Amino acid sequence: MNDKLKHIIYGACLACALSSCSDYLDILPMNEVVLENYWTEKSDVISVVNSCYESLESSDCLTRMGVWGELRSDNLRLGSNVPNEINEILKENLLPSNPMCSWARFYEAINRCNTVCHYAPEVQAIDPNYTLEEMKANIAEASAIRALCYFYLIRTFRDVPYTTQPSIDDAQTYVIPATPFNDVLDSLIIDLEKVKGDAVRRYYTDDSPNAYQNSSKITRWAIYALLADLYLWKGDWDNCIKYCDLVIDFKRQQYEEMLEREGNVNNIALFGNIPMILEKPVGSTVCGNAYNEIFGTGNSFESIFELYFRTNQSQQNTWVSTYYTNNNNTMGRLSAPDFLCKDVAQGNNAVFKKTDGRVYEASELDNSRYAITKYVRRSVSFSNQNITKESDLNLTSTRRAGGDANWIFYRLSDMLLIKAEAEIQKGEAGYPTAFMLINTVNKRANDITSATRSDTLKMADYTSSKASMEELLLEERQREFMFEGKRWFDLVRIARRDGNNTRLVSLASRKYIENVNAIKIKLADPNIIYFPYAKNELKVNPLLVQNPAFGNEEDNELTK
């Protein structure tokens, strides 16, 4: 069988096995004969590894990453022509019949990863061109993508069916009960700890035209970042800090290599001992450089792992191109609440200082609402000196014509703020380090360097109590990561740690204008911060037990 035909047959079988059913647990296995004929050489493994990334890039996965991680938070409200399933979630009228409760595409990605981990050793045993080192690196890639998918699932649904076995045998059954959140979390950590040392460090040198792959594919540093996040959710502060430090140290190494290679770097500088992309490069009079590199061009110096999209790529970032913008007009299906964006330039906003470029880069006023422009803009430039009103910014920007914006999972700011959170939880001795890390992120955003202006944050205002430090951390995470699919998960993590929803309710309800008290009462239920299992999942898997917050609403349908 020639290579092209093998790939066509396997691709067709994979699509059938992974796309024809509404639920992973109802997926039919691929024909055993086709599988035996397919898994014979290195290129077969690499092809399926690539398909694991393609699963994450699918519209279904991207949309759910945004909906699950951001929509219910205080960052998003309705925009223009919002679909009913989105509007119902925005109103906290979330039912098991809502299409956004479907997890099928994530389990499709998981099954592809499971298949790689199962067959790669068999291929390595028969293909002399497929080395043991390459095989281990491919398994590390697939294991990390699988862990990322499960991480999304448990943060969204809490307890989920967990398996690392692929659907390849007619005798197998995948009607399995949900595994508790903490057990899945522990399994993900154990799995990644086993493979972390097998992952590729860099695919290309940093000065190569293909260096973008160092952050658009799984590397050892991407696994370290994911492990840091997993340990944060577990409450293992020391291991969380250890993995953050490994990534931060690597970024210092990259910066030193860049200095040695280029002699001088005008767009990156040390904030303390941490290299960050400057908002205003040396010699420039305008800000916007950090946004342009991180979100405009993508695969920046600060990137650790992000999905890579190209203008001529058939698969596009539909979350950004549909929900953040609408046919290249300003307002997409979602917008930002006023309290986040209003009157910043006048100095009357409680979230952002007037010098903080992140709010101007990520949003713009469109009639009476604030449209989301993070990822949407390809470039932006503005002045943050002597600002008293919006016009003082002299802001100019260019916008994307389509959905070629990368989607970032982890970047250097994540490591700084994840470590800061762990330091705060360790106790008072960690407050100065935590403040320094938070302030590093804040200083870059406010263009605070030795040549510009003084700090906007003062350590003495926060380090007197754990509550103040936690509030500062949450505020900075909101400013830094708004619209990046992280805010609701942040609130869920805090609620789990608190053992109640008090802070979550207080923060998440800020965006509401109508029915505020009713929404607060609903959000106080500790179970309701998770999504319900979809009605279809309950039908095909009788071992699933519905989230009790939604148990009486299983038969309800969305109003069409």
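User: Is serine 143 buried or exposed, and what figure supports that reading?

Analyst: Serine 143 counts as buried because its relative accessibility is 1%, where buried means under 20% relative accessible area, exposed over 50% and partly exposed in between, with a 1.4 Å probe and protein chains only. The model is a predicted one, in which local features need pLDDT of at least 70, side-chain atom pairs count only at pLDDT 80 or more, and totals for chains, interfaces and linings use all residues. Residues are numbered from 1 along each chain as its sequence is written, and side-chain values use heavy atoms, with hydrogens and water left out.

User: Where is serine 143 found, and which residues is it in contact with, leaving aside neighbours within four places in sequence?

Analyst: Serine 143 is found in helix α7; helices (H or I, at least four residues) and strands (E, at least two) are DSSP runs, numbered from the N terminus. Contact means heavy atoms within 4.5 Å, and, once neighbours within four places in sequence are set aside, serine 143 is in contact with Cys117, Asp191, Leu192 and Val195.

User: How should I read a nonpolar core, and which residues touch the most other members of the largest one?

Analyst: In soluble globular proteins, nonpolar side chains tend to be buried together. A nonpolar core is a set of buried Ala, Val, Leu, Ile, Met, Phe, Trp, Tyr and Cys residues joined through side-chain atoms within 4.5 Å. Here the largest such core has 174 residues, and Leu153, Tyr324 and Trp407 touch the most other members. Helix α7 (residues 132–157) supplies the largest share of this core, with 15 residues. For tyrosine 324, the contacts beyond four places in sequence include Trp319, Ile372, Tyr375, Trp407 and Phe483.

User: Phenylalanine 483 is in that list; where does it lie, and what is its phi?

Analyst: Phenylalanine 483 lies in the loop between α18 (466–481) and α19 (487–498), and its phi is near 75 degrees, a positive value in a residue other than glycine. With a relative accessible area of 0%, phenylalanine 483 is buried. Glutamate 92 also has a positive phi, of about 60 degrees, although it is not a glycine; glutamate 92 is found in the loop between α5 (84–90) and α6 (104–126), and is buried at a relative accessible area of 2%.

User: How are two packed helices described, and at what angle do α10 and α16 pack?

Analyst: Two packed helices are described by the angle between their axes and the distance between the axes. The axes are lines fitted to C-alpha atoms, for helices over the stretch in contact, and angles run from 0 to 180 degrees between N-to-C directions. Helix α10 (residues 220–234) and helix α16 (residues 412–426) pack at about 30 degrees, with their axes 10 Å apart. That makes α10 roughly parallel to α16, since angles under 35 degrees count as roughly parallel, over 145 as roughly antiparallel, 65 to 115 as roughly perpendicular and the rest as oblique. Ala225, Ala228, Asp229 and Leu232 of α10 make the contact with Met415, Ile418, Glu421 and Ala422 of α16.

User: How do α3 and α4 pack?

Analyst: Helix α3 (residues 42–57) and helix α4 (residues 59–71) pack at an angle of about 55 degrees, with axes 5 Å apart, which means that α3 is oblique to α4. In this contact, Ser55, Leu56 and Glu57 in α3 meet Ser59, Cys61, Leu62 and Met65 in α4.
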